[in-house]
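Student: Before we go through the labels used for this protein, could you show me the structure, so that I can ask what each label rests on?

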Amino acid sequence: MESFFMITPFQNHTFHQHVSFTGTDLSWMVEFLKGMVKPVAATAVVLLAVLLSFMQKLGLEGEMVYAMFRAFLQLSIIGFVLQFIFNQGNAGWIILAYLFMVCVAGYTAGQRAKHVPRGKYVAGASILTGTAVTMFLLVLLNVFPFTPRYIIPVAGMMVGNAMTVTGVTMKRLRDDIKAQMNLVETALALGASPRQATYEQVKRALVIALSPVVDNAKTVGLISLPGAMTGLIMGGASPLEAIQLQIVVMNMLIGASTISSIMSTYLCWPAFSTKAYQLETQVFSK
C-alpha cells in the first residue's frame, strides 16, 4: 500500500530540484545565493528590533545580532548537510542524523536538569525511546516512507518537542521531591516503593511538562497556523492537504513527548534513591 504522504505537493516546486555537489558544476552555489536574497532582506525586521533595543537601553543589541548570525550559519550548514543526505538515499545516513539530533537534545535537556545525576544520559535515553517508538509505529503503519526527505524532518520535530518536555519533567521531579523530602521519606519508611512514595511528585511533574503540548493541540489552527502546515501551504499545497499532515504531526508530538517524559521519571530513580529504598541526600542537598 502506498504511503499516505508518498505523493508530495512540492513535486513541481523549485525547492525539490535535484542539486548535485559533485564535479566542477557550481550552479548549486549560484542558486543558493540567489535564494538567500529574501532571507537577507528579512533581517530588516531584526535591525528594527536592534534599534528599538538600543533606544530602550535594553542591552540586547549584541545578543540579537549574534543570535541572527548564528541562526544563518547553522541553518545554512544544516541545509547543505540535508541536501547531501537526501541525495544519498541511504538508510545509514538517516539513522546517523537521527542519533546526532538525539545526542544534542539529550545534552540540552540534561543541562536544564543539571542537578539530576547523569541527567544527560537519562534525557538522551528517554528521548531516544520516545521518538524511536513513535517513529517505528508511523513507518509500520505506512504513514511516512522510510526515506531521508520524510524521516529526518519528522524526527527533528519529535526530538525537539521531547527534549523540552523531558528536561522540564526531570527538573520538576527533582525539585518537588526536594521540597517534600519529609513526606517521601515517611512513605518509604512505612514500606512504600520509590514509585509509590513519589506518585504525587511524578504526576505533578508530568502534568506540568505535558500540559503545553496538550494545550497546543487543543488550540492548533485557532490561534496560529503551525510551522508544518504553514510550510506546506506556502509551498503550494492545498489547505486540506496541509491539515492532513498537521494532524499527523500533532499526534506524533503528543505520543513521543508522553513516552519520553514518563521514561525519564523511571530512569531518574536509580540516582534519587539507594538500594535500601532511601533518598540519596547528596542529590537533593545541592
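Tutor: This is a predicted model, and a good place to begin is the nonpolar surface patch formed by Phe-69, Leu-73, Leu-75, Ile-77, Ile-78 and Val-81, which together have about 580 Å² of accessible area.

Student: Ile-77 belongs to that patch, so why does Ile-77 count as partly exposed?

Tutor: Its relative accessibility is 49%, and because exposed means over 50% and buried under 20%, Ile-77 is placed in between, as partly exposed. Ile-77 lies in helix H4, and helix H4, residues 61-88, also contains Gly-79, which at a relative accessible area of 34% is likewise partly exposed.

Student: What makes the aromatic pair of Phe-144 and Tyr-150 tilted?

Tutor: The structure holds three aromatic pairs, and in this one the rings are 6.4 Å apart centre to centre, with 40° between the planes. Centres within 6.5 Å make a pair, and since stacked requires under 30 degrees and edge-to-face over 60, the remaining label, tilted, applies. Phe-144, at 2% relative accessibility, is buried, and Tyr-150, at 15%, is buried too.

Student: Why is the pair of Trp-269 and Phe-272 called edge-to-face?

Tutor: Their centres are 6.0 Å apart and their planes make an angle of 75°, which is edge-to-face because that label needs over 60 degrees. The two residues are three apart in helix H12, residues 239-272, and are therefore separated by about one helical turn.

Student: How do you know that Arg-195 lies over the face of Tyr-266?

Tutor: Arg-195 is at 3.8 Å from the ring centre, and the distance part of the criterion is met because the limit is within 6 Å.

Key. Residues numbered from 1 in each chain as written. Predicted model: local features only at pLDDT ≥ 70, side-chain atom pairs only at ≥ 80, totals over all residues. Heavy atoms only, no water. Helix = DSSP H or I, 4+ residues; strand = E, 2+ residues; numbered from the N terminus. Buried < 20%, exposed > 50% of the residue type's maximum accessible area, 1.4 Å probe, protein only. Patch = residues over 30% accessible without salt bridge, like charges linked within 9 Å, V, L, I, M, F, W, Y side chains within 5 Å. Areas by Shrake-Rupley, 256 points an atom, 1.4 Å probe, with all protein chains shown as cover. Salt bridge = Lys/Arg side-chain N within 4 Å of Asp/Glu carboxyl O. Lys NZ or Arg CZ within 6 Å of the ring centre and 35° of its normal.
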